[in-house]
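Got the structure open? Let's walk through it with some quick questions and answers.

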Amino acid sequence: MRVSRDGCTLCAGPFMVRDGATRLLTMRAEWGGADPMTSFAEFIIGRASRDPLALPIRQATLTTIVFVAGAFMSQSIDYYFSLPSPWAYIGHKPFMDLVKTYHLKVNYKPVFLGELFAETGGLPLGKRHPVRQRYRFLELQRWREKRGLDFKLQPKNWPFDGRLADGVVIAAVEAGLYPDAFLRKAYAAVWEGEQNLADPAVLARLADEAGLPGQQLVARSPAAEISEIYEQNQKDAQAGDVFGSPAYVLNGEVFWGQDRIDLLGDALKSGRAAFKQP
């Protein structure tokens with residue numbers, strides 16, 4: 001994030017910032033990449049231009065940079081997922097719509113689902129009772145229609161080992177990069193394009209298309225430091241009562257599954273305190 005000294009004036013009301021009691025400061029924030037903070041910046045600037053109380057200041061000398069976004073983007077949310085998960089794919093866009101609407105800070109936490117299932121009493125798909133497997137097939141069709149998606153129910157190159165792909169996300173976050181565009185492309189590549197996300201070349205290309213340094217991130221993904229973060233995400237998930245993908249954790253309250261996104265939205269809209277477990 002870069003903050004420059006030229007630009008627009010913060011408007012009055014909740015967006016007014018005073019240096020002592022005598023003068024208004026100006027601030028302009030330049031957000032790089034496909035970050036939800038972009039929409040926040042546009043909101044601030046748009047509000048300033050429309051607010052009748054806005055006080056334009058010309059030729060102001062800015063000696064102190066004032067960054068007020070934190071006051072409006074104070075909530076963070078933990079996002080547990082793995083790229084092989086169809087439900088994470090189905091829920092990603094509506095989840096990111098909530099992120100944009102409520103200016104949330106997302107803590108991206110890819111996890112190895114095989115271990116998470118084993119530690120929390122779940123079963124991988126192939127070991128579930130046929131009744132459960134058939135019902136999953138129905139649910140995929142229902143949610144495909146509900147979300148307006150067009151994906152294969154049994155795509156080629158799935159299932160696949162998600163370690164390399166998940167590691168690319170971790171490496172991007174580690175480098176201070178925003179992984180949303182990559183995730184959108186990667187999910188679609190699996191379920192719509194039937195591409196192989198265990199292939200380093202495919203991952204590098206998708207990352208490049210998302211505006212990220214694909215080869216560097218793919219090369220970084222197998223590193224011991226990335227594995228340590230992956231393992232820590234696993235521990236955090238278990239400690240936080242997360243047992244599947246996707247899971248969204250807001251103020252300690254777990255919303256498991258993309259079909260809980262509406263409930264997550266209700267909690268964000270109301271601003272209620274987190275419900276507690278016994």
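Q: Where does Asp-150 lie?
A: Helices here are DSSP runs of H or I with at least four residues, strands are runs of E with at least two, and both are numbered from the N terminus. By that count, Asp-150 belongs to neither α5 nor α6, but to the loop between α5 and α6.

Q: Is Asp-150 buried or exposed?
A: This is a predicted model, where local features need pLDDT of at least 70 and side-chain atom pairs count only at pLDDT 80 or more, while totals for chains, interfaces and linings use all residues. Residues are numbered from 1 along each chain as its sequence is written, and side-chain values use heavy atoms, leaving out hydrogens and water. Buried means under 20% relative accessible area, exposed means over 50%, and partly exposed is in between (1.4 Å probe, protein chains only). Asp-150 has 64% relative accessibility, so Asp-150 counts as exposed.

Q: How many Å apart in space are Asp-150 and Ala-188?
A: Along the sequence, Asp-150 and Ala-188 are 38 residues apart. In space, going from C-alpha to C-alpha, the distance between Asp-150 and Ala-188 is 9.4 Å.

Q: Which residue forms a salt bridge with Asp-180?
A: A salt bridge here is a side-chain nitrogen of Lys or Arg within 4 Å of a carboxyl oxygen of Asp or Glu, and the whole structure has 9 of them. Asp-180 and its partner both lie in helix α7 (residues 180-191), 4 residues apart, or about one turn of the helix. Asp-180 is buried at 7% relative accessible area, while the partner is partly exposed at 34%. With closest N and O atoms 2.9 Å apart, that partner is Arg-184.

Q: About how many helical turns separate Arg-142 and Glu-139?
A: The side chains of Arg-142 and Glu-139 meet in a salt bridge, 2.9 Å from N to O. Arg-142 is partly exposed at 42% relative accessibility, whereas Glu-139 is buried at 19%. Because Arg-142 and Glu-139 are 3 residues apart in helix α5 (residues 130-146), the separation is about one helical turn.

Q: Which helices hold Glu-174 and Arg-220?
A: Glu-174 and Arg-220 meet through their side chains in a salt bridge, 2.8 Å from N to O. The pair ties together parts that are 46 residues apart in sequence, because Glu-174 lies in helix α6 (residues 163-174) and Arg-220 in helix α9 (residues 214-220).

Q: Is Arg-220 exposed or partly exposed?
A: Its partner Glu-174 has a relative accessible area of 38%, which makes Glu-174 partly exposed. Arg-220 comes in at 28% relative accessibility, so Arg-220 also counts as partly exposed.

Q: How many aromatic pairs does a search of the whole structure find?
A: A pair of aromatic rings is described by the distance of the centres and the angle of the planes. Rings of Phe, Tyr and Trp (its six-membered ring) pair if their centres lie within 6.5 Å; planes under 30 degrees apart are stacked, over 60 edge-to-face, and the rest tilted. Searching the whole structure gives a total of 12.

Q: How many residues apart in sequence are the parts that Tyr-79 and Tyr-248 tie together?
A: Tyr-79 and Tyr-248 form a stacked aromatic pair, 5.7 Å centre to centre with 25° between the planes. Tyr-79 lies in strand β5 (residues 76-81) and Tyr-248 in strand β7 (residues 247-250), so the separation along the sequence is 169 residues.

Q: Are Tyr-79 and Tyr-248 buried or exposed?
A: Tyr-79 and Tyr-248 belong to one aromatic cluster, along with Phe-81, Phe-95, Tyr-108 and Tyr-178. As for accessibility, both Tyr-79 and Tyr-248 are buried.

Q: Which ring does the charged end of Arg-163 sit over?
A: A charge sits over a ring if NZ of Lys or CZ of Arg is within 6 Å of the ring centre and within 35 degrees of the ring normal. Arg-144 lies over the face of Phe-151, 5.7 Å from the ring centre. For Arg-163, at 5.4 Å from the centre, the ring is that of Tyr-230.
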